[in-house]
Amino acid sequence: MPSLLLASTSRYRRELLARLRLPFDVARPEVDETALPGEAPLALAVRLARAKAQAVAGRHAGAWALGSDQVADLDGQALGKPGDRTGAIAQLRAMAGRTVRFHTALCLAHGDGHAFTHVDLTEVRFRALDAGEIVRYVDAEQPFDCAGSFKSEGLGIALFEAIDNRDPTALVGLPLIATSALLRQAGFALP
């Protein structure tokens with residue numbers, strides 16, 4: 001079976017990929033994640049997923065590297081990870097009562113230049129949230145390293161009216177249905 005590297009240090013992506021029961025190693029991609037001037041959220045997610053996978057694949061001959069990136073999109077503006085309590089509260093205030101699109105891009109790249117890509121779209125409809133609800137949530141879960149300032153797999157689910165998507169793992173950061181399909185295309189044996 002081919003060798004697989006996860007081009008990410010995200011514990012969320014590592015936990016998700018482990019569900020597929022394939023052996024893999026983790027490699028830091030060392031990619032600048034700054035958006036280019038005027039870059040749309042979807043384009044940013046695709047570019048970063050590809051850059052991460054190609055950076056790692058280029059350093060590991062013969063291995064496949066899986067890169068992923070997720071960008072939250074509020075009215076065409078990319079929302080990054082909040083970084084701290086103040087940023088998380090501000091993001092949740094901005095998203096309260098609104099629909100936010102989450103673009104999760106994948107790229108499975110090999111050092112020989114072969115690459116497979118996929119983009120998942122998840123739409124999250126937030127409830128109207130008052131300041132107290134937002135503060136209680138942020139203090140309870142501290143989602144400072146999560147795009148959109150929530151953890152849908154945890155208490156963050158209580159912030160939503162609905163989630164519309166094709167893959168329930170996409171919102172956590174790695175759409176496993178699409179990941180499985182890309183891995184099969186590259187020759188990995190999965191059920």
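Contact, on this tour, means heavy atoms within 4.5 Å. The model is predicted, so that local features need pLDDT of at least 70 and side-chain atom pairs count only at pLDDT 80 or more, while totals for chains, interfaces and linings use all residues. Residues are numbered from 1 along each chain as its sequence is written, and side-chain values use heavy atoms, with hydrogens and water left out.

Select Phe126 to begin: leaving aside neighbours within four places in sequence, Phe126 is in contact with residues including Leu92, Met95, Val100, Phe150 and Leu159.

Now show the largest nonpolar core (buried Ala, Val, Leu, Ile, Met, Phe, Trp, Tyr and Cys residues joined through side-chain atoms within 4.5 Å; buried means under 20% relative accessible area and exposed over 50%, partly exposed in between, with a 1.4 Å probe and protein chains only). This core has 20 residues, and Leu92, Phe126, Phe150 and Leu159 have the most contacts inside it. Among the elements that give it two or more residues are strand 3 (63-74), helix 3 and helix 4, where helices (H or I, at least four residues) and strands (E, at least two) are DSSP runs numbered from the N terminus. Helix 3 supplies the largest share, four residues.

Move next to helix 4 (residues 131-141), in which Ile134, Tyr137, Val138 and Glu141 are buried. They lie on the same side of helix 4 because they cover an arc of only 95° around the axis, the arc being that of the directions from the helix axis to the C-beta atoms. The buried residues of helix 4 pack against helix 3 (85-95), whereas Arg136 and Ala140, on the other side of helix 4, are exposed.

Finally, select Gln142, just after helix 4, which takes a positive phi of about 45°.
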